[in-house]
2 protein chains.
Amino acid sequence: MAPETGTRSNAVFDRLRADVLGGRLAPGSKLKLAMLGARYEVSLSVVREALSRLAEQGLVVAHPQRGFSVMALSPEDLTDLTNTRIDLETLAARRSVEHGDLAWETALVAAHHTLAGTSLMAGEGEVNEGWIDAHRAFHHALVAGCGSPRLQGLATGLRDAAELYRIWSTSLTHDTKRDVPAEHARLLELAIARDADGLVAALAAHIQGTTDMLLRYAAEAGL
Amino acid sequence: MAPETGTRSNAVFDRLRADVLGGRLAPGSKLKLAMLGARYEVSLSVVREALSRLAEQGLVVAHPQRGFSVMALSPEDLTDLTNTRIDLETLAARRSVEHGDLAWETALVAAHHTLAGTSLMAGEGEVNEGWIDAHRAFHHALVAGCGSPRLQGLATGLRDAAELYRIWSTSLTHDTKRDVPAEHARLLELAIARDADGLVAALAAHIQGTTDMLLRYAAEAGL
DNA sequence: ATGCAACATTATTTCGAAATTTCTTCCGTC
DNA sequence: GACGGAAGAAATTTCGAAATAATGTTGCAT
């Protein structure tokens with residue numbers, strides 16, 4: 001999404017972030033500098049800088065003199081995160097409906113078309129990387145018309161943090177009770193119709209639905 | 001406020017941040033690594049890391065291969081920042097009123113007492129550093145009862161960003177039309193009385209008031 | 001005089017090793 | 001047998017210099 005190119009630090013920052021978000025670096029696990037340096041084939045310094053930035057973003061935590069570890073997941077944090085996300089994202093969505101112009105509508109329709117045309121699963125219980133990108137792009141487009149770069153940035157950051165919890169859902173991605181594509185279609189419909197209250201309600205339910213599923217899984221797994 | 005000790009990086013991060021927020025490093029100005037390395041008497045590496053973290057926080061911007069510069073100030077950003085701040089801070093304040101316990105009330109009363117007992121001006125048009133801290137602590141205490149670490153953290157970050165603009169107000173800190181201490185007293189009163197709507201309105205006006213003054217100054221100064 | 005290209009200078013970025021701190025293990029003592 | 005502590009190992013953090021990219025300057029040709 002944001003492939004800031006140029007320096008090695010940025011490249012490692014992006015890859016590290018993708019690896020954390022993709023679950024290839026387990027939540028709560030300790031991150032050894034040497035290990036990562038070897039993995040990305042760069043010096044320790046750039047790994048360190050990338051980690052510091054990630055820590056500032058909240059995806060990893062820094063223990064002074066004791067290195068870094070991937071942020072630990074907990075039901076409490078997920079609940080807080082979800083509530084905050086609903087607050088910010090619905091607010092931004094409302095503003096989008098109120099202030100969004102034709103360009104916003106167009107981008108939103110396009111993003112939804114891409115999402116609808118991308119399959120969720122890739123192979124054997126593997127989630128399709130492309131779907132994740134398309135999903136993120138759709139939600140991003142939904143709030144992109146709010147007219148506030150600050151609010152938008154905050155919402156994006158929270159959504160990224162929430163992506164971490166997707167790791168919990170690897171096995172039960174197909175929740176029989178939900179029809180996620182239909183929910184997205186409904187969100188698009190309400191946005192185009194400029195039904196602010198309806199959109200806010202639907203979006204809140206959409207976000208909460210995913211979290212409920214995850215919390216159910218966490219409870220079963222005894223977390 | 002957050003004197004994370006332990007590593008040199010953290011120390012430089014804190015000092016750098018204080019220097020940016022305190023206006024000793026002019027907004028928009030270029031930050032040369034060697035210059036800062038000499039200033040803080042540390043290696044370039046730690047300066048670099050501290051800057052990267054500050055950039056991730058949004059207080060400075062990173063230009064790949066071209067170093068860093070303090071974030072540039074603009075009336076547009078101030079307006080956006082203020083709106084977002086009002087959205088988040090009033091939301092958090094409302095939650096505090098709804099969910100805050102006795103410990104929250106106590107801390108808030110204490111923070112207000114300290115603020116009320118601290119004079120704004122130090123000497124010749126110099127703002128008292130202690131007052132800034134006390135002011136920050138008061139606003140922090142106001143939203144500390146919201147029960148959401150995430151929301152609280154976001155609100156704090158926005159307030160810090162807004163502090164940058166205080167630089168614009170060096171000359172006209174005593175706005176004849178406002179009685180800031182009275183506003184603070186009123187905020188405390190409404191919070192203790194658990195008047196959520198009243199508190200939200202007063203807080204919004206309080207934040208907006210400062211911004212209006214700054215925007216007026218910016219317009220006069222031709223920014 | 002103006003545009004352009006090669007060169008020199010400056011600043012950023014990366015590296016690899018030294019210095020510091022924390023973690024582990026092993027030994028002696030109670 | 002357990003507790004305390006020191007020596008050793010491992011990892012993080014810092015440094016100073018080398019590599020790399022950007023900027024400024026000079027000289028040449030148009």
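**DNA strand C and the chain A–chain B interface**

Q: What makes the pair formed by Ser9(A) and DNA strand C a polar contact?
A: In this predicted model, a backbone N or O atom of Ser9(A) lies 3.3 Å from a phosphate oxygen of DNA strand C. The cut-off is 3.5 Å, so the pair counts as a polar contact.

Q: Which elements give two or more residues to the surface near DNA strand C?
A: Helix H1 (8-21) and helix H3 (44-57) of chain A do, together with strand E1 (30-31) of chain B.

Q: Why is the pair of Gln65(B) and DNA strand C called a polar contact?
A: A backbone N or O atom of Gln65(B) is 2.6 Å from a phosphate oxygen of the strand. The limit is 3.5 Å, so the pair qualifies.

Q: What makes Ser45(A) a polar partner of a base in DNA strand C?
A: A side-chain N or O atom of Ser45(A) is 3.4 Å from a base oxygen. That is within 3.5 Å, so this is a polar contact. Of the strand atoms within 4 Å of the protein, 82% belong to sugar or phosphate, and the rest to bases.

Q: Why is the link between Arg150(B) and Asp77(A) called a salt bridge?
A: The closest N and O atoms of Arg150(B) and Asp77(A) are 3.0 Å apart. The cut-off is 4 Å, so the pair meets the rule. Across the interface of chain A and chain B, the rule finds eight salt bridges.

Q: How much area do chain A and chain B bury between them?
A: About 2,400 Å², with 52% of it on carbon and sulfur atoms. Glu49(A), Glu56(A) and Arg150(A) lose the most area in chain A, together 28% of what that side buries.

Conventions
Residues numbered from 1 in each chain as written. Chains lettered and ligands numbered in written order. Predicted model: local features only at pLDDT ≥ 70, side-chain atom pairs only at ≥ 80, totals over all residues. Heavy atoms only, no water. Near = heavy atom within 4 Å. Polar contact = N/O pair within 3.5 Å; in protein donor to acceptor, adjacent residues only side chain to side chain. Helix = DSSP H or I, 4+ residues; strand = E, 2+ residues; numbered from the N terminus. Buried area = accessible area lost by both parts, 1.4 Å probe. Salt bridge = Lys/Arg side-chain N within 4 Å of Asp/Glu carboxyl O.
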